[in-house]
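Reader: I'd like to go through this one label by label. Show me the model, and then tell me what stands behind each word you use.

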Amino acid sequence: MAEVGRRSVCDSYALLPGGFWAAVAVWLERPQVANKRLCGARLEARQSATLPRAEALRPRLSAGPDQEWGAALCRPQEGPGTRWGSPEEDHGTWPSAGPEQERGAALCGPQERPGPGRSSVEGHPGPRPGVGPEEDTSCLRLEETQGPPQQGKEQREAAAAPLLAEQPHRTGSGEEDDPAADLGSLWDRFSQSLVCGHPEMLSFLTRSGAESQTEAPHELDLVLRTVIPKTSPHFLVTAPRREIVVQDVPNGTVTFLPLEEDDEGNLEVKMSNVYQIQLSRSPAEWFISVLIFCPEKWQSDGAIYPRCTWLGGELLGRLARWCVASSKRELRSTLSLVSIGRYSVLYQELKEKYRDMVRVWPEVTDPEKFVYEDVAIASYLLILWEEERAERGVSTPQSFVDLGCGNGLLVHILCNEGHPGRGIDVRRRKIWDMYGPHTQLEENAITPSAQTLFPAADWLIGNHSDELTPWIPVIAARSSYHCRFFVLPCCFFDFAGRFCRRQSRKTQYREYLDFIREVGEACGFHMEEDCLRIPSTKRVCLIGKSRTYPPAEEAGVDERRTWYLHSRRGLSGGGPLCPAPQAAACSSDHPDGDRTGGTGAQCDLEVSEAQAEGLWLPGFQPREKVERVRNCASLPRDFIDQVVLQVADLLLNRRKSHAGSPREGTCKAWNGGESVWRRGNSCIILVDD
């Protein structure tokens, strides 16, 4: 084995060793954060286990007939598919133990073998074979610097906490029926092989079998995970791979044991790609290192198994930064409600299918951002709906309505993939004409009322739907009992105006997401939240798939919805209940902000008028049909040229009035009929036509 990287860590805020396990959890649960060639990882099972006791490696003083018979079974034997050589002789997979070998392993006492020692903190990059702890003490174990070896409750909780979140089982993703049973069976076979003939791996798992091991072996945390690579023709591997992750909290190590199938389809440990991340400490500072068990046999596929230099460089550097980050920034789990493997495949298919849209994009917006963002959203919805059909036992594709569909590309993709639906927006886009008659898009303003219900739709979609975002759960709830919704909030709108912050301890984005969740719950939905993988800073979606009440209680629940809607009027700049300081902050952004000082009588009158018109709440203003120009992209070219010329003329006249000043710019004739004015690194060129 060899150490391929080591980083010193400055623990100024005393975050270690807890910060180390938090960093390991990121690499364990979300490896795509560091390795961009991965789509993600799925945690399938977790359990506690123990390694064989240290005395099991020492020769016994006497052996009876049964023990001698068991020891004979533990010696290397020839057999089909069974390889018992040492790591120097064979770097293949650990064999599965047969019944006789398991029985013998329980009786045998393996002979003691010298294990490779650990590397020193200041020494060469690789461990030195044959050096024991008493000869190499410059790098101490966690137990040697923090007291006697024991299963510290705080340390174990720090390592386990990030993994306690339940990862839902998804259909069609290739999992076995009982991953926990698989993990237990795999570990039993692997640990038996350690006892009977592979003390080198046992030493590797226990940090070279050092003296810190207690007479009673401590528990290890085992995790069975599936690593899912991105689907790409440029990668050598596209199939997910399983591996066992062994976390040894007292020793400060986490070992990754990749699994592969043998000729008979049984999973076994792939010895050539075993690696370990260690946390160690010298008297002066902490260190993080990466060790490879068989570096000369390491097999890199460019995705799941990167090069050793990447593990010891890029990954180690990221772990060193994460484990001592003074501010605990939440790393949100992405795609937690769908199968990551299925999403990766579908996203690549749709990306190839619709990538030509980038070249013919007629809008002034960035084509790559909008095309690939809508492809990602469509992939997510298609997988979500596919799994919903499997759960409900139906095969009919879900219908949908996209409210505030914008460029309509999401509607176009979903319709092309077999889902009937339509999109509605207040303003027609140029690109609509390119989709063809199969994509149904309507130019219409939506004002929430009894006339804007969609009882035939299975899903309502709000993709950056602005002022309609808080209304979509309400419209879905009142359209039909079986209507569901998906919203991706962007701009911050309340029911009748701009959304006003009320909690300074939260970011405005987080507070707005909580508000939309509150709206969904008030409408009677079980709310779910997920994070998409799109090129946007606002990528958290909220989903309402089921109701919290039976259909018979619809009337009573709708009364509570009405009460909730009216209770929000004073919080958005559209009603008299808004406190004075908050109303002043809201009125500048709200088109009806001058009404925030109204009386209760005025409020009652507005509500009565709204009810007479069939509106659910007064004060709602849809977007204007004519888009407001906020930059120079849509201004006439002659107007832009005129402004530039006037600015240049003013600057040139200023130059003439301050002739001789060394601070001003210089003006000179250039290329016959052109003049250039310079100041510092800026210049304006005037052309005489």
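**Labels and the values behind them**

Author: Fine by me. One thing up front: this is a predicted model. There are zero disulfides in the structure.

Reader: What makes a pair of cysteines count as a disulfide here?

Author: Their sulfur atoms have to be within 2.5 Å of each other. The structure holds zero such pairs.

Reader: And the cysteines themselves: how do you know whether Cys323 is buried or exposed?

Author: By relative accessibility. Cys323 has 1%, and buried means under 20%, so Cys323 counts as buried. Cys415 is handled likewise: with 6% relative accessibility, Cys415 is buried too.

Reader: Cys415 is in a helix, right? What makes you call helix 11 mostly covered?

Author: A count of buried residues: seven of the eight in helix 11. Those are Leu409, Leu410, Val411, His412, Ile413, Leu414 and Cys415. After helix 11 comes Gly418, with a positive phi near 105°.

Reader: What about helix 13, why is that one called mostly covered?

Author: Helix 13 spans residues 471-479, and nine of its nine residues are buried. The list includes Arg478 and Ser479 along with Trp471 and Ile472.

Reader: How much of the protein chain is buried?

Author: Buried residues make up 50% of its 689 residues. The chain has 18 helices and 20 strands. Take the contacts between residues at least 6 apart in sequence: 67% of them join residues at least 24 apart.

Reader: Back to helix 11. Why is helix 10 called oblique to helix 11?

Author: Helix 10 covers residues 367-392 and helix 11 covers residues 409-416; they pack at about 40°, with axes 9 Å apart. Roughly parallel would need an angle under 35 degrees, and roughly perpendicular runs from 65 to 115. The angle fits neither, so helix 10 is oblique to helix 11. As for handedness, helix 10 passes helix 11 in a right-handed crossing.

Reader: Which residues of helix 10 and helix 11 meet?

Author: From helix 10, Phe370, Val371, Asp374, Val375, Ile377, Ala378, Leu381, Leu382 and Trp385; from helix 11, Leu409, Leu410, Ile413 and Leu414. By class, the contact of helix 10 with helix 11 has 12 nonpolar residues, no polar and one charged.

Reader: What makes helix 1 and helix 8 oblique, with an angle of about 130°?

Author: Helix 1 (residues 18-29) and helix 8 (residues 308-322) have axes 8 Å apart at that angle of about 130°. Roughly perpendicular stops at 115 degrees and roughly antiparallel needs over 145. The value sits in between, so helix 1 and helix 8 are oblique to each other. Their crossing is right-handed. Ala23, Val24, Val26 and Trp27 of helix 1 make the contact with Trp310, Leu315, Leu319 and Trp322 of helix 8. The residues of that contact split into eight nonpolar, no polar and no charged.

Reader: Now the backbone. How do you know that the bond between Leu16 and Pro17 is cis?

Author: Omega is the value to check: it is about 5° for the peptide bond that joins Leu16 and Pro17, and that bond is cis. Pro17 sits in the loop between strand 1 and helix 1.

Reader: Why would you bother to point out a cis bond or a positive phi?

Author: Because most peptide bonds are trans, and most residues other than glycine have a negative phi.

Reader: Which non-glycine residue in the loop between strand 1 and helix 1 has a positive phi?

Author: Ala14, which is in that loop, has a positive phi of about 55°. Its relative accessibility is 62%, and exposed means over 50%, so Ala14 counts as exposed.

Reader: What about Leu335, buried or exposed?

Author: Leu335 has a relative accessible area of 1%, so Leu335 is buried. Phi of Leu335 is positive as well, near 55°. Leu335 belongs to the loop between helix 8 and helix 9.

Reader: Last one: what makes Glu559 exposed?

Author: Its relative accessibility of 60%, set against the cut-off of over 50%, so Glu559 counts as exposed. Glu559 lies in helix 15. Its C-alpha atom is 9.9 Å from that of Cys523, 36 residues away along the chain.

Key:
Residues numbered from 1 in each chain as written. Predicted model: local features only at pLDDT ≥ 70, side-chain atom pairs only at ≥ 80, totals over all residues. Heavy atoms only, no water. Axes fitted to C-alpha atoms, helices over the stretch in contact; angles between N-to-C directions. Helix = DSSP H or I, 4+ residues; strand = E, 2+ residues; numbered from the N terminus. Left-handed = near helix turned anticlockwise from the far one by under 90°. Contact = heavy atoms within 4.5 Å. Nonpolar A, V, L, I, M, F, W, Y, C, P; charged D, E, K, R; others polar. Buried < 20%, exposed > 50% of the residue type's maximum accessible area, 1.4 Å probe, protein only.
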